[in-house]
Amino acid sequence: MRHVELDPYAEVNWATATRCKANLHAHTTCSDGALSPAEVIDAYAARGYDALAITDHDTYGNDSGTGAATWPWSAHGRDPDELGMLAVRGTEFTGDPVSASIPHLTSWFHDLWRPEDPFTARNEDLDWILTTLDERGAASAWAHPTRGGELRVHGGAADWFVERHLRHAHLRGFEVYSGTGRRSPIDSSALYDRVLTLQRRRGVGVPLWANAADDSHAADEIGFDYHVHLVEERSTAALRDSLERGSYLVVQDPEGGRLERHLDDGDGFWTAAPAVTRLEVGRSAIRIDAERCARIEWISDGEVVHTGAALHLDAAGLGSYVRAVLHGDRGARTLTQPFLLAVPAP
Ligand SMILES: [Zn+2]
Ligand SMILES: [Zn+2]
């Protein structure tokens, strides 16, 4: 029988954990967004978000060569402490958007784009960007990995992502759902499963974690795709730790654009998407307790292998990992991160 080799939720104490609602990919007038940074911050605050990263294209910071400054929030008259939010410093590296010269990468917790950085000259040099982000202590995730133009550049092949993940330790995430509120939402889940399968074959110990983000550029694109980080305290350090360990759930809610969909349940504002209350990994099964959940599917090596709250580890079709998709009201879904599986040596 298979056993769980890596459980990303192993350190979560479900009795004491608090849930941190985060969107880590959003745009403002500092690049091609329609809302100012203050308006974007206020829109996420109104929907009960605990954490937000403004990730304008190839810019942030007061010292940015472009003069566009999304960091710190105080430059826009907003105090994260007063709002009860965590401000995450971020950017989206995009190269030349017309030629789609590099796949887009959202990146956090770093200061790349200082005046002394030769960034403008090297913004299409992905290897340099990734190496520099490694050195600067960043954490990053691939944004909308199956979007058309960029897919042509890197071929959309799983091994492209696996190779870079092997070389750059700060790569952590893969946006499975992007911009559900936008005109062309992007679902990269099929490629994500191919990446996970190949990573297992290559012996990668910690996979790229599933991410979801609004990639919002306008008021009606806010509130659809977000993370629920399971942390003991709402702090930037705890959020970062959760991003690295994979101790979070991913939500896609096609109705999330409606403000009234984000309801206060006494422990934060949550949309009607399924809420995981407990996740238990045993010797013979993985079991999920959830609210607002109609159906739980288990996906292994790209195939649905089981439906139900408990997955037995001797189920037919189980491969090298398994992840759960919880289906809820009006198309809303909540994803767990992948659990890595192994067969004990004889
Ligand atoms: Zn992008
Ligand atoms: Zn974006």
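1. Glu 92 serves as a bridge between the zinc ion (ligand 1) and the zinc ion (ligand 2), and the two ions are 3.4 Å apart. This arrangement belongs to a predicted model, and the points below should be read accordingly.

2. For the zinc ion (ligand 1), the protein donors are Glu 92 through OE, His 104 through ND1 and His 144 through NE2, and they lie 2.1 Å from the ion. Along the chain these donors are spaced as E-x11-H-x39-H. His 104 belongs to the loop between β4 (86-93) and β5 (105-108), while His 144 belongs to the loop between β6 (139-142) and α5 (148-154); the pair therefore ties together parts that are 40 residues apart in sequence. His 104 and His 144 are both buried.

3. The zinc ion (ligand 2) has as its donors His 25 (NE2), His 27 (NE2), Glu 92 (OE) and Asp 215 (OD), at 2.0 to 2.2 Å. Angles subtended by the 4 donor atoms run from 82 to 171°, so the arrangement is irregular. For a tetrahedral assignment, all angles would have to lie between 85 and 135 degrees.

4. In sequence, the donors of the zinc ion (ligand 2) show the spacing H-x1-H-x64-E-x122-D. His 27 is placed in the loop between β2 (18-23) and α1 (37-46), and Asp 215 in the loop between β9 (209-213) and β10 (225-231), so this pair ties together parts that are 188 residues apart in sequence. Both His 27 and Asp 215 are buried.

5. Strand β19 (residues 321-327) merits separate comment. Is this strand enclosed or not? Since 7 of its 7 residues are buried, β19 is largely enclosed by the rest of the structure. Tyr 321, Arg 323, Val 325 and His 327 point one way from the strand, whereas Val 322, Ala 324 and Leu 326 point the other way; buried positions thus occur in both sets.

6. The pairing of β19 involves several strands. Strand β16 (residues 295-300) is joined to β19 by 5 bridges, and the two run antiparallel; here Ile 296 stands opposite Leu 326. Strand β21 (residues 339-342) also pairs with β19 in the antiparallel sense, over 2 bridges, with Tyr 321 of β19 opposite Leu 340 of β21.

7. Strand β20 (residues 333-335) is another antiparallel partner of β19, with 3 bridges between them. Thr 334 in β20 is the bridge partner of Leu 326, the residue that also stands opposite Ile 296. β19 and β20 form a hairpin in which 5 residues separate the strands, and Arg 330 in the turn has a positive phi of about 50°.

8. Elsewhere, an open sheet of 3 strands is arranged in the order β14-β15-β18, with antiparallel pairing. The edge positions are taken by β14 (275-281) and β18 (310-312); each has a single partner strand, so one side of each is left without a neighbour in the sheet. On average, neighbouring strands of this sheet are turned by 10° against each other, direction ignored.

9. Within that sheet, β14 and strand β15 (residues 285-291) run antiparallel and are joined by 6 bridges. Leu 279 has Ile 288 in β15 as its bridge partner.

How values were computed: Residues numbered from 1 in each chain as written. Chains lettered and ligands numbered in written order. Predicted model: local features only at pLDDT ≥ 70, side-chain atom pairs only at ≥ 80, totals over all residues. Heavy atoms only, no water. Donors = N, O, S within 2.8 Å, 3.2 Å for Na, K, Ca; no water. Helix = DSSP H or I, 4+ residues; strand = E, 2+ residues; numbered from the N terminus. Buried < 20%, exposed > 50% of the residue type's maximum accessible area, 1.4 Å probe, protein only. Pairing = 2+ DSSP bridges. Tetrahedral: all angles 85-135°; square planar, octahedral: opposite > 155°, others 65-115°. Axes fitted to C-alpha atoms, helices over the stretch in contact; angles between N-to-C directions.
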